[in-house]
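Here are my notes on the model you sent over. Have it open in your viewer while you go through the points.

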Amino acid sequence: MRKTVLLLVPSLSTGGQEKIAVETAKALESEYNVKLVLFYKSKVEYDTNCEKIYLNVGISKSKIKKIFGQLRRIFKLSRVRRKTKADIVYSFGDSANIANVASGIFSRGKSVISIHSYPLVKKNCVNDFVYKNSDEIILISQEMKTKLKSEYPKIKNYIVVENGYDVDNIKNLKLEKVDFSNGKPSFVAMGRLDTIKRFDFLIKAFSVVKREFANATLTFVGCGDQIDLLENLRNELGLTDSVSFLGYQKNPYPYVSMHDVFVLSLLTKVFQTHS
């Protein structure tokens, strides 16, 4: 009988860890009974044939509501673990890791957590609880491993598993014909339009590039809550004809491949960490 694996992620919206969760489901489904457990249903979701279970507890901004929301997730996830007779619960992201480990105290199955952001590997009371009560910690880079060893020298139950991609499939997907034109040189950025991506910095930096290269263009592939703010910034800087937002694209690879430069804007916190 195949073991049951629950993959826990806040949503299947168009983000990096969400994409990795879907790819992990595809990689495991031939050997395990895999189910995706989501905090809530988002407007735009990655496609997957894997069974989805929604806890129907969204994200709150209020600290008190966040605490009660997390308690509800823990309670509901405990019920799902028992009902599905889960052997392993593998979580993606900070809030999912907390719900995973806490629910594991009251229900069956191993709790495997994953960390996808370098700045989040730090000493605090929440991480004390999560790291010390998880059965396995998955890190996505050697740098994270080094930092974890420094912050928590007594913890040994970790492994580095770098994010995997089906390169051959990506090469095929990029050949799809799309109706789009850009300038020279052309820059492209891809990701969720969220504060953490600092795309506002990228637009400001691009305005400097435009002084030297009048025909340069910048394209964003992705959707998110910051779309209005970013569009307003673009217009204020006089870049309306040079900066475009394509929104969510089911196949983003043709758009990326047809540009000259892919730009990855970095977090301010990352610079502070290494300064």
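1. Leaving aside neighbours within four places in sequence, which residues is Ser 91 in contact with? Taking contact as heavy atoms within 4.5 Å, the list for Ser 91 is Leu 8, Ala 96, Asn 97, Asn 100, Val 112, Ile 113 and Ser 114. Ser 91 sits in strand E4, and it counts as buried at 0% relative accessibility. For burial, the cut-offs are under 20% relative accessible area for buried, over 50% for exposed, and partly exposed in between (1.4 Å probe, protein chains only). Helices (H or I, at least four residues) and strands (E, at least two) are DSSP runs, numbered from the N terminus.

2. Some housekeeping before the rest. This is a predicted model, with local features needing pLDDT of at least 70 and side-chain atom pairs counting only at pLDDT 80 or more, while totals for chains, interfaces and linings use all residues. Numbering runs from 1 along each chain as its sequence is written, and side-chain values use heavy atoms, with hydrogens and water left out.

3. Now helix H2, residues 63-84. Its 22 residues reach 31 Å from the first C-alpha to the last, close to the 32 Å expected at 1.5 Å a residue; the expected span is 1.5 Å times one less than the number of residues. The buried residues of H2 include Gly 69, Ile 74, Leu 77 and Val 80, but also Arg 73 and Arg 81. Among the elements covering the buried residues of H2 are strands E1 (4-9), E2 (33-38), E4 (88-92) and E5 (110-115), plus helix H3 (94-106).

4. H3 is worth viewing alongside. Its buried residues include Ala 96, Asn 97 and Asn 100, and those three also turn up among the contacts of Ser 91. Cover for the buried residues of H3 includes E1, H2, E4, E5 and H4.

5. Back on H2, look at the nonpolar surface patch of about 440 Å² made by Ile 64, Ile 67, Phe 68 and Leu 71. Patch members have over 30% relative accessible area and no salt bridge; like charges are joined within 9 Å, nonpolar side chains (Val, Leu, Ile, Met, Phe, Trp, Tyr) within 5 Å. Areas come from the Shrake-Rupley method with a 1.4 Å probe, and for residues only the protein chains shown count as cover. Leu 71 lies in helix H2 and is partly exposed at 49%.

6. For the backbone check, Lys 85 follows H2 and has a positive phi, near 55 degrees. Lys 85 is in the loop between H2 and E4 and counts as exposed, at 56% relative accessibility. Asn 56 also has a positive phi, of about 60 degrees, although it is not a glycine; this one is in the loop between E3 and H2, exposed at 55%. One cis peptide bond to look at runs from Lys 184 to Pro 185, with omega near -5 degrees. Pro 185 falls in the loop between helix H6 (167-173) and strand E8 (186-190).

7. On to rings: there are six aromatic pairs. Rings of Phe, Tyr and Trp (its six-membered ring) pair if their centres lie within 6.5 Å; planes under 30 degrees apart count as stacked, over 60 as edge-to-face and the rest as tilted. Tyr 131 and Tyr 152 are edge-to-face, at 5.1 Å centre to centre and 75 degrees between the planes. Tyr 131 is in helix H4 and Tyr 152 in the loop between H5 and E7, so the pair ties together parts 21 residues apart in sequence. Both rings belong to buried residues, with Tyr 131 at 4% and Tyr 152 at 4%.

8. Finally, charges. The whole structure has eight salt bridges (a side-chain nitrogen of Lys or Arg within 4 Å of a carboxyl oxygen of Asp or Glu). Lys 35 bridges to Glu 51, with the closest N and O atoms 2.6 Å apart. Lys 35 is in strand E2 and Glu 51 in strand E3, so this bridge ties together parts 16 residues apart in sequence. Lys 35 is buried at 12%, whereas Glu 51 is partly exposed at 41%. Salt bridges that share partners also join Lys 19, Glu 23 and Lys 26 into one network.
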